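Please open the model in your viewer and keep the selection panel at hand. The stops below go from one chain to the contact between chains and then to the interior.

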Amino acid sequence: MSEYLENQLENRFNLFKLWNHSSPKPDFLKTHSSSIKAVVGNTKIGADANMIDSLPNLEIVASYSVGLDKIDLGKCKEKGIKVTNTPDVLTDDVADLGIGLALAVLRKICVCDRFVRSGDWINGDFALASKFSGKSVGIVGLGRIGSAIAKRAEAFNCSISYHSRSKKPNTNYKYYSNIVDLAADCQILFVACALTEETHHIINRKVIDALGPKGILINIGRGAHVDEPELVSALLEGRLGGAGLDVYENEPNVPEQLFSLGNIVVVPHVGSDTEETSKAMADLVISNLEAHFKCKPLLTPVL
Amino acid sequence: MADKETQQPEELPVVFLHRPPSFILPFGDHLRSQFHVLDPYESPEPYDSFLARHAPSIRALMTMGPTLVSAEFLDRLPILELIVATSAGLDHIDLPACRSRGIVVTNASPAFAEDVADCAVGLLIDVLRRISAADRFVRGRMWPVKETYPLGFKLGGKRVGIVGLGSIGSEVAKRLSAFGCTIAYTSRNKKQSVPFPFYANVRDLAANSDVLVLCCALTKETYHLVNKDVMVALGKEGVIINVGRGLLINEKELVQCLVGGEIGGAGLDVYENEPNVPKELFGLDNVVLSPHSAGGTPEGFEAVLQLTVGNLRAFFSNKPLVSVVSNE
């Protein structure tokens, strides 16, 4: 959790840090459960059905994340518990990282950096990389983050297509109702949709094979969007050209078979991890909680 | 592999290939189909006698790589009219000597512009978001051990100062505008058709920027343009990206500023003494290093070929050249 957020919460509320109570959690909940009115979670831990059931006076779940996959929304709705997230403020950062990963994979920036640091340059020139500008870009999920990726990629003269549940009315980007067709027609595929039951493993073997041995997959969504064993075998067998990954099915564990590959870039779920955005997200969590307890409208309500 | 020549090469216009013995771009077949290519390193004849024998027919010369074109060398080519460079930078060519002899010079900057701009943006995102360092962290199996990775910095809203707003600098500006950066620039002269604020010198630009991107030509005036004074003006969180030439920066002072925390980070594609890179940089996570590969894509080389051939064809058919360098 962000240190700044912890400090801000402690200054304003009676804060329990659940991770300090991990072993005797049942005891902790028995003692304090009736006094807890709000839960603050993040991308790793939210409020599941068990937690919600064990907090009889819970009024609000304020998540320090845009994704809501760690919160049992059905349960919250049923019990009239409010839910807020931190949309918008992290949109730019996630899109920036997506483009940064695509540039790093195509232009082999991390490999170049290893090449120079190891002293290998003395022994000969570096092999050619691939061009990014002008490539055809496919985006899965044209929400806030997907649109921000599209805007950036357009400045690189990339053509933009997308797949989503339905065609968007206010865009000229080419729509594909079938994700396999999108993957077959683009050179770089960005995963930028929300994780739901429908989008679980939306990137499967068919999609990967359609993207093909020259295609690049960038995942800045959630690990469970991608069938990870299929991705790993496609990369190892050369059926996929490369990948830039910020998220994984079983974080913080990343498939170690990937570590010897030069055509991938792996970063540790840092999509929105900048000083500037972390502070803005923390401020938004605080503002939502304060609004709730002052009976004012929430700033970014989900429920 | 022997070339089968379908046309008599001596009927084609003569182009002299000026290159280091060890370096050749894969242009040969394409060039030979349109020009009578004179390559001294393909001939068994000693270089000097080869050059002397052919000099009376050499009106056009193509440079590959950073091969020096000195005044003394030009003296050996009395009827030379055109130098076609396959690089963006021309610091290996004695431009005043070309000017005084009436020799026109073309470069390949427009062909490299997209790739070099992509590299500049890639290096900048990498430095701010610590992508290469994060990749090392994950591959080093540190994620399960340390759990959290240090925060990076946001690109949006950064004030980017571009040093040299030519074809490469303009492509950098176009890209970074889409990320929500504000753009300002310095160059020899203020550009009339450009909406970005102009600074007359690099120190003032640095003082008003969070990021400096160097993509100007290396000349006597731009040698060590970025020194300690400029870096201090840029500030402790400032980032320098260099996709121009190593000698644009005083490298010794750059290393001192990075090691001492006087600036926030750097993304470097070029160095003072390539392929030697200061070893003090190898341990820093706020630095991203690439081996002068900003222009290195197959598509980029194809564009260079098209551009250089376009210049040569235009020259031999008395049409306007495609990418003449202003040499005033």
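Begin by colouring chain A of this predicted model by its domain assignment, which gives domain 1 as residues 3-87 together with 274-293, and domain 2 as residues 91-266. With both selections shown, the C-alpha centres of domain 1 of chain A and domain 2 of chain A can be placed 32 Å apart, and the contact takes 5 residues from domain 1 of chain A and 5 residues from domain 2 of chain A. On the side of domain 1 of chain A that touches domain 2 of chain A, the residues divide into 1 nonpolar, 3 polar and 1 charged.

Next, select chain A as a whole and show it as a cartoon, where 11 helices and 10 strands are found. Aligned along the principal axes, the C-alpha atoms of chain A fill a box of roughly 65 × 50 × 30 Å. The radius of gyration of chain A is 21 Å, which agrees with the value near 19 Å that a compact globule of 303 residues would have. If you colour by burial, buried residues account for 48% of the 303 residues in chain A; and among contacts in chain A between residues at least 6 apart in sequence, 61% join residues at least 24 apart.

Now select residues 99-271 of chain A, the span that an unreviewed UniProt entry annotates as "domain: D-isomer specific 2-hydroxyacid dehydrogenase NAD-binding". This span of chain A is 30% helix and 16% strand, and its end C-alpha atoms lie 11 Å apart.

Then bring chain B into view and turn to the contact between the chains, which takes 46 residues from chain A and 46 residues from chain B. To see which elements of chain A take part, select α5 (91-106), α6 (109-117), α7 (144-155), β10 (264-266) and α11 (275-293), each of which supplies at least two residues of the side of chain A that touches chain B. Of these, α5(A) gives the most to that side, with 9 residues. Coloured by class, the residues of the side of chain A that touches chain B divide into 26 nonpolar, 7 polar and 13 charged.

Hide chain A and colour chain B by its own domain assignment, which gives domain 1 (9-107 + 298-316) and domain 2 (112-289). The C-alpha centres of domain 1 of chain B and domain 2 of chain B are 33 Å apart, and 6 residues of domain 1 of chain B are in contact with 7 residues of domain 2 of chain B. The side of domain 1 of chain B that touches domain 2 of chain B has 3 nonpolar, 2 polar and 1 charged residues. In chain B, the annotation from the unreviewed UniProt entry covers residues 121-294, a stretch that is 32% helix and 14% strand, with end C-alpha atoms 11 Å apart.

Which residues touch the most other members of the largest nonpolar core? Select V116(B), A120(B), V213(B) and C215(B), which hold that place among the 197 residues of this core. Helix α5 of chain B, residues 109-129, gives the most to the core, with 13 residues. In soluble globular proteins, nonpolar side chains tend to be buried together.

Finish by centring the view on C215(B) and displaying its contacts, leaving aside residues up to four places away in sequence: C215(B) touches V116(B), A120(B), I162(B), V163(B), G164(B), I168(B), G169(B), V172(B), V243(B) and G244(B).

Technical notes:
Residues are numbered from 1 along each chain as its sequence is written. Chains are lettered from A and ligands numbered from 1 in the order in which they are written. This is a predicted model: local features need pLDDT of at least 70, side-chain atom pairs count only at pLDDT 80 or more; totals for chains, interfaces and linings use all residues. UniProt positions are given in the numbering used here, feature names are shortened, and annotations may be inferred rather than shown by experiment. Helices (H or I, at least four residues) and strands (E, at least two) are DSSP runs, numbered from the N terminus. A nonpolar core is a set of buried Ala, Val, Leu, Ile, Met, Phe, Trp, Tyr and Cys residues joined through C-beta atoms within 7 Å. A residue is buried if 20 or more other C-beta atoms lie within 10 Å of its own, exposed if 12 or fewer, and partly exposed in between; C-beta atoms are placed from the backbone. Two residues are in contact if their C-beta atoms, placed from the backbone, lie within 7 Å. Ala, Val, Leu, Ile, Met, Phe, Trp, Tyr, Cys and Pro count as nonpolar, Asp, Glu, Lys and Arg as charged, and the others, Gly among them, as polar. The radius of gyration is taken over C-alpha atoms; the globule rule is 2.2 Å times the number of residues to the power 0.38. Domain bounds come from an automatic or database domain assignment.
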